[in-house]
Structure formats: structure tokens, C-alpha cells
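Here are some exercises to work through with the model open on your screen. Try each task yourself before reading its solution.

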Amino acid sequence: METQTQYRDVKTAVATVFKNASLPERAILRQEGEYWTVGYGANAFRLKDTKGLAYLARLLRHPAVEFHVLDLAGGIAGQHHDDETRQSAHCLPRTDEYLEKAGIHVGGLGDAGEMLDDTAKAAYRRRLSELREELEEAKELGNVERAEKAEQEIDALTSELSRAVGLGGRNRRAASASERARQSISKTIKSVVERIAQSDARLGDIFSRCVKTGNFCSYQPDPALEIAWELDAIEPTEHPTSSSEPAPARADHPQTSPAVLEVSPFSFAARTAFVERESERSTIRAAIDRALSGHGSVVMLAGGPGVGKTRLAMEMAEYASRVGFRYLVGHCYERDEPFPFLPFVEIIEGSLAEAASLDDFRRRIGDNAPELAQIVPSLRRVFPNIPEPPDLPPAQKRRHLFQSVSDKLGRAAQTRSQLYILEDLQWADESTLALLIHLANRVAQLPVVIIGTYRSGYSENNPALVRTLEELIRMGIRPLKLGGLSKDATAQMLHGLSQRQDVPESLVSLIFEESQGYPFFVEEVYRHLIEEGKVFDAAGQFRADVEIDEIDVPENVRLIIGRRLERLDENEKRALTAAAVIGRSFSFKLLTAICEIEVDELFTIVEKAQQMGIIVASSEGPARPFVFTHELVRQTLLAGISAPRRQHLHAGVADAIARLHTDDVSERTGDIGIHLTKADGHSAPPARPGSGRR
Ligand SMILES: Nc1ncnc2c1ncn2[C@@H]1O[C@H](COP(=O)(O)OP(=O)(O)O)[C@@H](O)[C@H]1O
Ligand SMILES: [Mg+2]
């Protein structure tokens, strides 16, 4: 301990000697219109304007001064750098108006704190689309009671969602304005520091060490490192001239919103480094870059399940976010009856959930509201006074509807470039695909990129998709077909998965052959082999004698998953099957309540399932902290039990939700209804005392 302190002292002394002997290092953080020049020493680069940069500049201008977050927010909203010095560092908190201007929505409701959480909103949206399916299905079956239940919950969720975007509301306790400002500003500063670190690791390091965030934020200069900062903003330049970040200038579409990385559906902890796909990446990057100058396009990604379509789309969404885009994802789902425009419904609801305020959203949809509300009925619940659409003949009606959607997207893109990801179009209905074609004809004049993913080989089952793909080809849009990864890339994935560089060639070859380079299979085969103890010897070294005949590799991925699940003991299988019945994501609390397994053991099971890569920590918020790594895994678990057992479990889930949510059970009726429907008359076992049951 003492030697460490001495060492640190010596280091500081040496640094001070050097510091005194040399000139201060030059650094720059300067706004030039829409861009900032950021640099350290000889390295300089440009970043799009974001609030985070403005916060940093303000802190740097006043070294060691502690700014209260509300003051910091107010100062940036006002953007008066010159009069800052007159403000005391510990100003009284500003009004909500200041925060609004700074983009921190408080909406005067005093209850939005937790509701503003993006991940919670994502969970709400997901739930809403499940409910819509439920509603459709119930209507189809003429089950009025079920339909009403679904509708009730849709109502409840929609009003939750609207509270999340700022409509005043009920007595939900929430963080104070300053707590919300603290969270928001810390996040903003951290993400801008991360962006800076990507271009200059030393500068990133300086900021992460010296910029303190919390209720008070400050820049505490490192005494061992003298830096001469250049901070004065200069007048906007027409076109940025150089950029080391791959962020091309967008001359005609000003970007006003910050380019903060948005939540990815992949858990960062769980995913390995992205490999290969260079040509697809550069094609999509080029499309994104072109869109920045107002010339958008559609990109279609095709390939078998597990080939990596979603992952590639998400990697590109991250790139797009970095260069200033906002991205929204809409899914199609496998179902008997199509739900019109479903992915667009998700996208529009997503943009509602992310809107700065309801008024703002309402303004933006303007005259198109009646048509949009036809596609997204929940809009009428949020904005009850949307007028009825004009009564037009069907063909005209559709054209009018499509025009309204493209108007809305066009308007959204005026403030910020947009990337829309339409997932799993093999399940899309005709209306969704017709709208896609309509938009494909328009995006060339908009800063919008649409990425559509679909399973090739499956598309033949969907004649509307076949026609759409033909039409897109006529328009010059050829799908990018993803195949398996190369052997080198498979090896890289294995390095990532094993966290080791010395993966033997024999193992790479084996897994490459068995997986055909399909990344999902690579992951699954690798995990299977690990669990079988085929990969490492007793000393923890790679076994040299992995042979194909010894391994008895399963033939396809379902089998692989099945085999991996066979490794679970009875209780583990029971617990995870129960989790699968709850849904794609689930909470520990609910799982405890429906499993006849002691909490301690359940903890161990959940941990083991995480280690095995069956589930991962989700990004869907505290209500659903775990998510199955792939739908195939969940389905395989469900397929492993009989229908009556599954129904029995659904009844148990419905019952448990009701017991766990006695306070707000009315808000859970939809959830409960869905499980009861799936229980199909089966009853729940009697509850045991406490949260679980026996
Ligand atoms: N290029 C890649 N590099 C590393 N991992 C990948 C890559 N592509 C996909 N994966 C991983 O493979 C799995 C399946 O990918 P996913 O995108 O879900 O497939 P798809 O959408 O085609 O069914 C995921 O765990 C994903 O993280
Ligand atoms: Mg996918």
C-alpha cells in the first residue's frame, strides 16, 4: 500500500518536472455551427453538435467549478456562453422551462421519472403489439370478453405510454426534476465522452478521469497535465471541411437532435464482437451516408434464420446513430391472420414514445393525423380529437393513407435523419409490403434509410413478399443475401466466445463445417461442445484430440439446442420452461411465484442459464430483466412439454400476476387475460404462502 502511494508520488513529481520543462499540451473543443472540432495534440476530428459537447465545453471553461445539473441544463438551453461567469456555480435550481429548452422533459407532471426510461417504453411497445395480436385473434374468434379485456389493457398501456411522453397523470411517485436532470446529463456527458474516446483514446481518458458527473458536475483538471484549451465557438461554416469521424456533412437537412447511441436489443454484455460482413457493411454505410445528404434508399437483407440479419441491421443502426440518425424498429410476427401495417404501427408508436412531448408529436403529425390513426388506432386514445378521415373510395383511400405516412416520415426526417428497420418481413402482410413499395419510391428525396430483413427460403410462403421483392428489383433494389461466415470469421467468433487466441485449427474446422458459418449455429455448437467437455482438458487447455466422430455433432440447430437443454436437470428444465411460458422476457419475481422451487435454487438456475447462454440480461427494464437469447431456444423449451402442462402453467402465470399486483391489478388485466386464454380453462394450482407456491 505504502509503496503504491510512494510510487504515485514519484510519478506525480516526475510528471510535474516534465510539465514545468515543457509547454502545455494544446487541446480544442470548439463549436463551428453544426459541428465541433475536437482535438488533442496533433490529432483533431469533428463531431456533430450535441448537447453533451456543449456541457463539456461549459465545464472546461470553468475548471474546478461545480455546476448544479439544473444550472448546467439551464445554461445550455440558454446557450449564452458569455454571461456564464456572472452566474454562481451553485445556482438555485432552474425552472422546468429551462429543462424543456435543454431537451430534458419534465412536463410539470412530477411523475415521469421512471416512465422516461427508454427500456420501459420499449417493453410497453412490445406489450402493446402483443395485445393487438390478442385483440385481433379474439375478434376473429368472436370472443367479445377476450377482445374487451385486450382493449382495456391497450387503453391502460396507451395512457401509460402517453404519461411517459409527458401527459400529466396519476399518483406515481417519481424522481425530482433535479434527479431526472442528473440522470439525463450524466448519460449525455458519458456518451459524448465515449464518442470522443473512439476518435482519441487519450482525450477520452482525460475526460473520463477529470469530468465529474452527479448532482454537481465539474471539470477537475489533472494537476500533472497542463492543457491549453481552445474553446471559443466560431461562426457556423457552410460545410465542414474535414472529418476524421465518418460523418459526412449534411448541408440541406440540419440535425438538431443529439446523436446519442440508442438502446440496442442485443445485450452488450452477451454479444461477442461483430465479425466480417465488410461488403454488406460498406454498402449499407454508403446508403446511410447518401441519406445524410437527402438521398435515402431501401436495403433488403436476406438469409436463413441465425445468419445474422438482425445483428447486421443493429450494427448499422449503431453506425447511423453515431452519424446523427434516429432509428426505430418495427417487427412482423408469425401469425395466422395478418395485422395490417404492424411494423409501421410499432414505428409510429415508437416515435410517439420518444417524442419530446405529446404536443410536439401532435404538431408533427399535423393534418395527417386522421390517416395515421387509421393505421395506429391507439393515437385516437392519446389524441381523442383527431378528426375522422375523409370518406373516399377504397383505392383512393389507400393512396391517401400511404401519402400521409410518407408525409409523416418526411417531416420527421426534416429535423433528424431516420433509419427504419423492418424486421422479419417474411411474415409481413400485403398492406405492410404495399406501403414499403410506396416508401421505396419516395425515399430517394428524403434523408431516410429503410432496412428490411427477411428469411430467404421462407419468402416463397408469402406471395405478397415475392411480388414485393420483384417490384423492388425492378426499382434497382437487389437484396443483400447473407450467407455463412468465412472460416476466418468463424475463428474470430470462436476467439471472442472462448476469450482466447489459441483456438486450435481442428476445432475451428469442426465448428465451421457443422455450422456452415452461421453465427447463431457457431455459438450454439461451441456452447454444446463446451458443455459436453469436448473442448478443454482437465488443465483448462484446448484439447488437441477433438475429432469429428468423437463428438457426434447434432444435425441441425434445433437438435443442438435440444441437446444442450438435455444437460439441464429436472428442476432446471422446469424452471426455464416456466420462464418460457411467461414470455420472451420475464422477471425473477414472477418466475419465483409460479415455480415450485425454492428461491435459492432458482437463483442458481437463473445464473446457470445465463452462463449457458440460454438467457441474458435484457435491456427491457427492471420489470423484465431476463430474456431468452433466441426465440428458437424458448420454442424448443415449450415444445418439450405437453399441451395440458403448458396450459396449466399459463393458468399459474395468470394467477401469479394477479397475486403479485394486487395494487395495480386493473392495469394487468390484459396480461392476465392473455395467459388465461392460453390456459384454455385449466386452473391454477393453489397458491402457497409467500410469493412462491408449493
Ligand atoms: N457478424 C457477426 N459477428 C458476430 N456475431 C454475429 C454476427 N452475426 C450474427 N451474430 C450473432 O449470431 C446470433 C444470431 O444472429 P441474428 O442476427 O439474431 O440472426 P437472424 O436475425 O438472421 O436470425 C446472434 O447471437 C448474433 O449476435
Ligand atoms: Mg432476426
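## Exercise 1: R563 and its surroundings

Task: find the element that holds R563, then decide whether R563 is buried, exposed or partly exposed.

Solution. Start with the element: R563 sits in helix α22, which covers residues 557-566. One thing to keep in mind here is that this is a predicted model. Next, count neighbours: there are 16 other C-beta atoms within 10 Å of R563. Buried would take 20 or more, and exposed would take 12 or fewer. R563 is therefore partly exposed. Finally, look across to H528: it is 35 residues from R563 in sequence, yet the two C-alpha atoms are 7.6 Å apart.

## Exercise 2: the whole chain

Task: how many helices and strands does the chain have, and what percentage of its residues is buried?

Solution. Go through the secondary structure and you get 28 helices and 15 strands. Then take burial: of the 694 residues in the chain, 42% are buried. To round this off, take the contacts between residues at least 6 apart in sequence; 73% of them join residues at least 24 apart.

## Exercise 3: two residues with positive phi

Task: place D424 and Q499 in their loops, then say for each whether the residue is buried or exposed.

Solution. Take D424 to begin with. Its loop runs between β10 (418-423) and α16 (430-440), and its phi is near 60°, a positive value in a residue that isn't glycine. Counting around D424 gives 20 other C-beta atoms within 10 Å, so D424 is buried. Leave out residues up to four places away in sequence, and D424 touches H331, C332, T453 and Y454. Y333 is 91 residues from D424 along the chain, with 7.2 Å between their C-alpha atoms.

Now Q499. Phi is near 60° here too, again positive in a residue other than glycine. Q499 belongs to the loop between α18 (487-498) and α19 (505-515). Inside 10 Å it has 7 C-beta neighbours, so Q499 counts as exposed.

## Exercise 4: H62

Task: work out which elements flank H62 and which class its C-beta count puts it in.

Solution. H62 lies in the loop that links α2 (51-61) to β4 (67-68). With 15 C-beta neighbours inside 10 Å, H62 falls into the partly exposed class. Then check the distance to Y219: 157 residues separate the pair in sequence, and 7.5 Å separates their C-alpha atoms.

## Exercise 5: the nonpolar cores

Task: explain why the largest nonpolar core lies between two domains.

Solution. Begin with the members. The core has 86 residues, and those touching the most other members are I288, L372, L419, I421, V449, I450 and I451. Helix α11 (residues 342-354) is the biggest contributor, giving 7 residues. Domain 3 (278-481) and domain 4 (487-564) both supply residues, so the core lies between them. For a closer view, pick I450: setting aside neighbours within four places in sequence, it contacts V298, Y420, L422, L439 and V443. There is also a second, separate core of 37 residues, with A580, L602, I614 and V633 among them.

## Exercise 6: a helix pair

Task: what is the relative orientation of α23 and α25, and which residues make the contact?

Solution. The axes of α23 (residues 570-582) and α25 (residues 599-611) come within 10 Å of each other and cross at roughly 80°. Angles of 65 to 115 degrees count as roughly perpendicular, and the two helices are therefore roughly perpendicular. On the α23 side the contact uses N571, E572, A575 and L576; on the α25 side it uses E601, L602, I605, K608 and A609. Sorted by class, that gives 5 nonpolar, 1 polar and 3 charged residues.

How values were computed: Residues are numbered from 1 along each chain as its sequence is written. Chains are lettered from A and ligands numbered from 1 in the order in which they are written. This is a predicted model: local features need pLDDT of at least 70, side-chain atom pairs count only at pLDDT 80 or more; totals for chains, interfaces and linings use all residues. Axes are lines fitted to C-alpha atoms, for helices over the stretch in contact, and angles run from 0 to 180 degrees between N-to-C directions. Helices (H or I, at least four residues) and strands (E, at least two) are DSSP runs, numbered from the N terminus. Angles under 35 degrees count as roughly parallel, over 145 as roughly antiparallel, 65 to 115 as roughly perpendicular and the rest as oblique. Two residues are in contact if their C-beta atoms, placed from the backbone, lie within 7 Å. Ala, Val, Leu, Ile, Met, Phe, Trp, Tyr, Cys and Pro count as nonpolar, Asp, Glu, Lys and Arg as charged, and the others, Gly among them, as polar. A nonpolar core is a set of buried Ala, Val, Leu, Ile, Met, Phe, Trp, Tyr and Cys residues joined through C-beta atoms within 7 Å. Domain bounds come from an automatic or database domain assignment.
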